[in-house]
Amino acid sequence: MRIIRARDYDEMSRRAAGLIAAAVVTKPDAVLGLATGDSPIGAYGYLCDWYRDGHIDFSQASALNLDEYCGIEPDAVQSYSYFMRRYLFSKINISSDNQHIPDGLARDPGRECVRYDAIIAARGGIDVQLLGIGLNGHIGFNEPGPEFVKDTHVVALSESTIDANSRFFDDRRDVPVKAYTMGICTIMRARRIVLIASGERKADIIKRAFFDAVTPGVPASILQLHADVTLVGDEAALSLI
Ligand code: F6R
């Protein structure tokens, strides 16, 4: 594992964006695995700036998002589909045919999971997977549990994740209780993984995920077994390692 220690959120964002940009520059049809949440907003900002300034061309790249709430309209402001359009897709030249997010309104969730995994396989797998990390160690929406779940699946969100995500909803009761997520194997099959973390509240889980036992109780701990992981964190998030 490589660790990039950034001064603050902005430097973390620039370094992470640099790794994604390098993947697209060296392989124009790169397949990018992307995340939502507070952590990647700054990195997406850098990618948009570099596109605007003519440094990166996303016309052949593909994006596959990690997750989406079940039962949410793609235009709902809390949907991950909306998030991606707002922070990245509407500001770069990625083709709409190459933007993939699980369909929150799919009638048959089991079939939607199979469809999503088939897209990833048809694209030849993910070149770079960007990840955030939940306070409970989740990656995507792979929550702590008795085992690592392999492929794209539907999860019941943990109370702590619902609490964390309730900031985006008027009422905690409006937070969807289920979500689609790429599975742990889907993520582990990515050729390269970049995990970003910022802020003191992530410090404890970063230590547990990367320096304690590999256990499905801390889903991100599986990343210790991946051959090409880069942890990009700011000083506060990396303060315990
Ligand atoms: C989002 C995702 C989640 C987040 C995690 C951290 O697509 O997959 O695993 O990365 O919950 O969220 P933030 O960045 O908001 O702290």
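Start your tour at the largest pocket, which has a volume of about 750 Å³. Keep in mind as you go that this is a predicted model.

**Stop 1: the pocket**

Select Thr36, Gly37, Asp38, Asn165 and Arg167: of the 37 residues that line the largest pocket, these are the closest to its centre. Now colour by secondary structure. Strand 4, helix 3 and helix 5 are the elements that give two or more residues to this lining. Which of them gives the largest share? Helix 3 does, with five residues. If you colour the lining by residue class, you should find 17 nonpolar, 14 polar and six charged residues.

**Stop 2: helix 3**

Stay with helix 3 and select residues 80-87. Which residues of this helix are buried? They are Tyr80, Ser81, Phe83, Met84 and Tyr87. Look down the helix axis, and you will see these residues on the same side of helix 3, because they cover an arc of only 160° around the axis. A little background helps here: an α-helix has 3.6 residues a turn, so residues three or four places apart point the same way.

Next, bring up the partners of that buried side. The buried residues of helix 3 pack against two helices, helix 2 (41-52) and helix 5 (159-165). They also pack against strand 2 (31-34), strand 3 (62-65) and strand 4 (67-69).

**Stop 3: the cavity**

Now look for enclosed space. The structure holds one cavity of 30 Å³ or more, and the largest cavity has a volume of about 30 Å³. To find it, select Leu32, Leu34, Phe58, Ala63, Leu88, Phe89, Ile92 and Ile94, which line it. What classes of residue make up this lining? There are eight nonpolar residues, with no polar and no charged ones.

**Stop 4: salt bridges**

Switch on the charged side chains. Side chains of opposite charge can pair when their charged atoms come close. In this model the count comes to 15 salt bridges, and three of the pairs are visited below.

Select Asp127 and Lys27, whose side chains meet in a salt bridge with an N to O distance of 2.8 Å. Asp127 lies in the loop between helix 4 (109-122) and strand 6 (128-131), and Lys27 in the loop between helix 1 (9-26) and strand 2, so the pair ties together parts that are 100 residues apart in sequence. Is Asp127 buried or exposed? Asp127 counts as buried, at 11% relative accessibility. Lys27, in turn, is partly exposed, with a relative accessible area of 32%.

Move on to Glu159 and Arg172, a salt bridge whose closest N and O atoms are 2.7 Å apart. Glu159 sits in helix 5 and Arg172 in the loop between helix 5 and strand 8 (178-181), so you are looking at a link between distant parts of the chain, 13 residues apart. Glu159 is exposed, with a relative accessible area of 52%, while Arg172 is partly exposed at 35%.

The next pair to select is Asp171 and Arg173, which form a salt bridge with the closest N and O atoms 2.9 Å apart. Asp171 counts as partly exposed, at 26% relative accessibility, whereas Arg173 is exposed, at 73%.

To finish, add Arg191 to your selection of Lys27 and Asp127: salt bridges that share partners join Lys27, Asp127 and Arg191 into one network.

Methods: Residues numbered from 1 in each chain as written. Predicted model: local features only at pLDDT ≥ 70, side-chain atom pairs only at ≥ 80, totals over all residues. Heavy atoms only, no water. 1 Å grid on protein atoms, 1.4 Å probe; cavity = no way out; pocket = protein on both sides within 12 Å on 5 of 7 lines; lining within 4 Å. Points joined across faces, edges and corners; volume = space filled by probe spheres on them. Nonpolar A, V, L, I, M, F, W, Y, C, P; charged D, E, K, R; others polar. Buried < 20%, exposed > 50% of the residue type's maximum accessible area, 1.4 Å probe, protein only. Helix = DSSP H or I, 4+ residues; strand = E, 2+ residues; numbered from the N terminus. Arc of directions from axis to C-beta. Contact = heavy atoms within 4.5 Å. Salt bridge = Lys/Arg side-chain N within 4 Å of Asp/Glu carboxyl O.
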